[in-house]
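Trainee: Before the session ends, may we go through the reasoning behind some of the labels used for this model?

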Amino acid sequence: MKKIKQTRESGVELLRILAMMGVVLLHYNNATMGQALALVQEGSINQYIVYFVENLCVCGVNIYILISGYYMCMSQKRTAAKVFELFLQVILFKIAFYFMSIYMGLNQFSVRDLFINAIPNNYYLILYCTLFIISPYINIVLMKLSNVQLRNLMVCLFVLFSVWTIAMDVMQNSFGISSFGLSTVGMYGTQEGYTIVNFILVYVIGAYIRICDKDKVKRGALLVVIAAILLIMTGLSIFEHRMCYASVVTWNYNNPLVIVLSACWFILFKNIRMRSRIVNELAKGSFTCFLFHGAFLAYLNIPLFVNGNPIKLALHMFCCSLGLYLLSYVVYKVYSLCTNWFVRLVSPFINRINLDVNIQ
């Protein structure tokens with residue numbers, strides 16, 4: 001495969017930033033983290049705001065994988081040092097948070113706890129690195145297919161691993177009918193889309209957009225589709241909540257609506273022709289924000305705003321997500337200054353593990 005030089009498109013980099021701010025808002029709303037969904041008053045305007053924001057942001061992780069599919073499908077070059085860097089950052093951040101908790105009196109030091117906190121048990125890290133390593137082999141298949149065959153493959157994967165799986169989730173959630181043994185993902189169900197299967201599906205969609213050049217869709221049409229999906233998802237999620245179902249299946253990452261929404265957002269921002277060094281630079285802090293922001297959700301005074309003035313709630317949500325992202329970027333720069341020398345030192349040795357897949 002011919003090596004394609006990748007350039008940072010600021011429209012896509014802006015989407016990276018907004019998608020990560022969306023992830024922050026998902027955790028702002030999370031019933032056990034920021035707790036907005038658990039605390040908001042039933043039937044209030046604020047509840048509709050929180051539910052709308054949840055539906056607006058739930059495609060954030062899928063957007064990141066779709067972007068990876070769009071860019072990575074054109075290259076077979078993979079460096080083991082990239083995987084090492086991601087694991088290193090997760091491990092160091094977990095250890096740093098552990099020592100912070102000791103300093104704040106929340107924990108006492110023990111070797112056992114230090115060892116546990118050095119384990120990189122981060123679902124996104126594991127699944128993304130898995131996809132990163134196997135993607136060159138996926139690319140071989142994709143590049144051998146005609147556009148029609150690639151479209152058929154994408155539709156097949158979409159039906160098998162999104163439409164079918166969400167049907168099983170709805171059946172179990174709404175009617176109490178066990179999906180045991182019925183899921184195409186695994187015996188025990190779809191895990192709400194937190195699986196390598198969903199990552200591969202979204203990766204293929206991103207690759208399809210790149211290979212078949214499906215990014216020239218009219219902006220007006222995209223906005224209409226986005227608005228319609230958000231309206232449908234908000235209605236469905238509130239309905240599921242009011243029916244007291246075990247979970248809100250609408251927010252599963254394998255939901256076809258969530259996947260289509262992520263593709264629409266990507267195509268919309270991909271068509272923004274802009275070059276911004278500031279946006280491109282700020283986008284580099286997105287993974288740090290993913291690791292960093294959760295420790296500060298408890299200090300955002302969310303209970304004070306969640307049932308207050310609706311405008312103040314909306315402003316608080318936006319300011320918190322933006323503020324945490326900007327703070328995370330500062331942390332990213334400090335982290336990079338402290339670790340770049342080490343990464344450069346060990347990268348030549350780590351890159352002896354060849355992850356490239358050459359095609360003759």
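Mentor: Certainly; the model is predicted. Let us begin with E9, which has a relative accessible area of 13%. Buried means under 20%, so E9 is called buried.

Trainee: What makes the contact of E9 with K270 a salt bridge?

Mentor: The side chains of E9 and K270 meet at 2.9 Å, N to O, and the limit for a salt bridge is 4 Å. The pair links distant parts of the chain, with E9 in the segment before α1 and K270 in helix α11, 261 residues apart.

Trainee: Is K270 buried or exposed, and how do you know?

Mentor: The relative accessible area of K270 is 5%. As buried means under 20%, K270 is therefore buried.

Trainee: Why does the pair of E9 and R273 count as a salt bridge?

Mentor: The closest N and O atoms of E9 and R273 are 3.8 Å apart, which is within the 4 Å limit. R273 lies in the loop between α11 and α12, so this pair ties together parts that are 264 residues apart in sequence.

Trainee: Why is R273 called exposed?

Mentor: R273 has a relative accessible area of 59%. Exposed means over 50%, so R273 is exposed.

Trainee: And what about R242: why does R242 count as partly exposed?

Mentor: The relative accessibility of R242 is 39%. Partly exposed lies between 20% and 50%, so R242 counts as partly exposed.

Trainee: Which residues are joined into one network by salt bridges that share partners?

Mentor: That network joins E9, K270 and R273.

Conventions:
Residues numbered from 1 in each chain as written. Predicted model: local features only at pLDDT ≥ 70, side-chain atom pairs only at ≥ 80, totals over all residues. Heavy atoms only, no water. Helix = DSSP H or I, 4+ residues; strand = E, 2+ residues; numbered from the N terminus. Buried < 20%, exposed > 50% of the residue type's maximum accessible area, 1.4 Å probe, protein only.
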